[in-house]
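Thanks for making time this morning. I would like to walk you through one structure, going slowly and taking a few helices at a time.

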Amino acid sequence: MTNTGTPPVPAAVGRWLLACSGAVAGAVVLGGVTRLTESGLSMVDWHLVKEMKPPRTQQEWEAEFRKYQQFPEFKILNHDMTLTEFKFIWYMEYSHRMWGRVVGLAYILPAAYFWRKGWLSRPMKGCVLALCGLVCFQGLLGWYMVKSGLEEKPDSYDIPRVSQYRLAAHLGSALVLYSASLWTGLSLLLPRHQLPETRQLVRLRHFAHGTTALVFLTALSGAFVAGLDAGLVYNSFPKMGERWIPDDLLAFSPTLRNIFENPTTVQFDHRILGTATVTAITALYLFSRKIPLPRRTRTAVASLLAVACMQVGLGISTLLLYVPTPLAATHQSGSLALLSVALWLMAELRRLPK
């Protein structure tokens with residue numbers, strides 16, 4: 001998504017996209033905290049403008065609380081909740097929604113300005129339109145996800161929660177938006193290195209691309225862990241309970257359901273993906289040592305390994321301590337940090353245009 005036309009895209013566009021990616025990262029982190037504090041179902045309707053004004057009087061708060069009391073989360077999980085406790089979870093969800101609106105404006109308003117000034121090349125216009133469209137889609141997908149947790153399920157006494165499929169779609173689209181914004185911004189701002197196109201360099205570039213895809217997939221699998229509260233089923237490591245492979249790994253029928261709906265299998269898959277990711281990053285680092293690389297690129301490779309080790313430590317600690325909110329939120333943020341460094345490395349290894 002780099003600019004190949006003339007005149008060149010100003011650096012201001014690259015800085016804007018980096019700022020946008022930071023805003024998306026903030027929304028992802030805030031969304032994770034909202035999920036961990038079980039606040040996401042506190043606002044039971046959606047209005048683009050009307051809900052921007054929070055309740056102010058006691059009567060308005062009581063009316064909002066009465067609306068919440070009509071839905072399954074209150075009836076099954078929070079039937080003894082006080083108005084003060086409700087205000088906390090309501091403001092958590094409200095903050096997430098308002099931050100989402102800020103993200104939308106951060107994309108759309110500067111995009112319109114840069115377009116009007118003629119600062120966007122033809123390819124960049126297509127890229128910016130796609131990013132702005134994805135922002136709007138992300139907002140709609142968020143409400144579609146919340147709706148799944150508000151539905152009455154007469155035959156179920158499980159804790160009300162949003163669909164893990166919709167949660168994964170919501171997080172996945174946010175990660176795509178974040179990655180596309182960060183990659184495009186870095187591509188505009190970081191000059192390409194004059195690297196000789198050796199066979200080893202090409203292999204390293206492909207290795208980096210594959211590793212970044214694995215980082216993305218591991219982060220996405222975390223949405224299923226969160227959606228099913230799968231971090232609470234086997235709080236031991238490296239074994240799951242007393243076994244390497246738990247007995248209930250394939251308890252659901254048909255077998256394919258286990259991958260997305262069985263908390264044991266979801267946690268097992270996340271462990272495997274996490275282990276594969278840190279193994280791939282370690283191998284990438286060792287392979288890169290054999291190739292003469294610029295200093296900035298070497299820093300990116302070393303940073304990737306350091307963040308991966310930190311992320312593994314955070315994940316294991318979160319599991320062993322039964323998913324405390326601060327640690328779990330840090331682990332979720334760590335997945336973004338790891339994806340960011342992987343994208344930085346990819347930007348460093350870009351080939352020179354012919």
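**Helices and how they pack**

Let me begin with helix 1, residues 11-36, which has 26 residues and reaches 38 Å from its first C-alpha to its last, close to the 38 Å expected at 1.5 Å a residue. Please keep in mind throughout that this is a predicted model. Just after helix 1 comes glutamate 38, which takes a positive phi of about 55 degrees.

The UniProt record, an unreviewed entry, annotates "transmembrane region" over residues 12-33, 98-115, 127-146, 166-190, 211-234, 270-288, 300-323 and 329-347. In the model, the span 12-33 is 100% helix and 0% strand, and its end C-alpha atoms lie 32 Å apart. For the span 166-190, the corresponding figures are 96% helix and 0% strand, with 35 Å between the end C-alpha atoms.

Now to the packing, where two helices are described by the angle between their axes and the distance between the axes. How, then, does helix 1 pack with helix 4? Helix 4 covers residues 83-117, and the two pack at an angle of about 165 degrees with their axes 9 Å apart. Because an angle over 145 degrees counts as roughly antiparallel, helix 1 is roughly antiparallel to helix 4. Their crossing is left-handed, and the residues of the contact divide into 17 nonpolar, six polar and one charged.

Next come helix 5, residues 122-150, and helix 6, which pack at an angle of about 160 degrees, again with a stated distance of 9 Å between their axes. Helix 5 and helix 6 are therefore roughly antiparallel to each other. Helix 5 passes helix 6 in a left-handed crossing, and by class their contact has 16 nonpolar, seven polar and two charged residues.

Helix 6, residues 164-189, also meets helix 11, residues 325-348, and here the axes come within 10 Å and cross at roughly 35 degrees. Is this crossing left-handed or right-handed? Helix 6 passes helix 11 in a right-handed crossing. On the helix 6 side, the contact is made by Leu175, Tyr178, Ser179, Leu182, Trp183 and Leu186, while helix 11 brings Leu336, Leu339, Ser340, Leu343, Trp344, Met346 and Ala347. As you follow those numbers along each helix, it helps to remember that an α-helix has 3.6 residues a turn, so residues three or four places apart point the same way. By class, this contact of helix 6 with helix 11 has 11 nonpolar, two polar and no charged residues.

How values were computed
Residues are numbered from 1 along each chain as its sequence is written. This is a predicted model: local features need pLDDT of at least 70, side-chain atom pairs count only at pLDDT 80 or more; totals for chains, interfaces and linings use all residues. Side-chain values use heavy atoms; hydrogens and water are left out. Axes are lines fitted to C-alpha atoms, for helices over the stretch in contact, and angles run from 0 to 180 degrees between N-to-C directions. Helices (H or I, at least four residues) and strands (E, at least two) are DSSP runs, numbered from the N terminus. A crossing is left-handed if the near helix is turned anticlockwise from the far one by less than a right angle, and right-handed if clockwise. Contact means heavy atoms within 4.5 Å. Ala, Val, Leu, Ile, Met, Phe, Trp, Tyr, Cys and Pro count as nonpolar, Asp, Glu, Lys and Arg as charged, and the others, Gly among them, as polar. UniProt positions are given in the numbering used here, feature names are shortened, and annotations may be inferred rather than shown by experiment. The expected span of a helix is 1.5 Å times one less than its number of residues. Angles under 35 degrees count as roughly parallel, over 145 as roughly antiparallel, 65 to 115 as roughly perpendicular and the rest as oblique.
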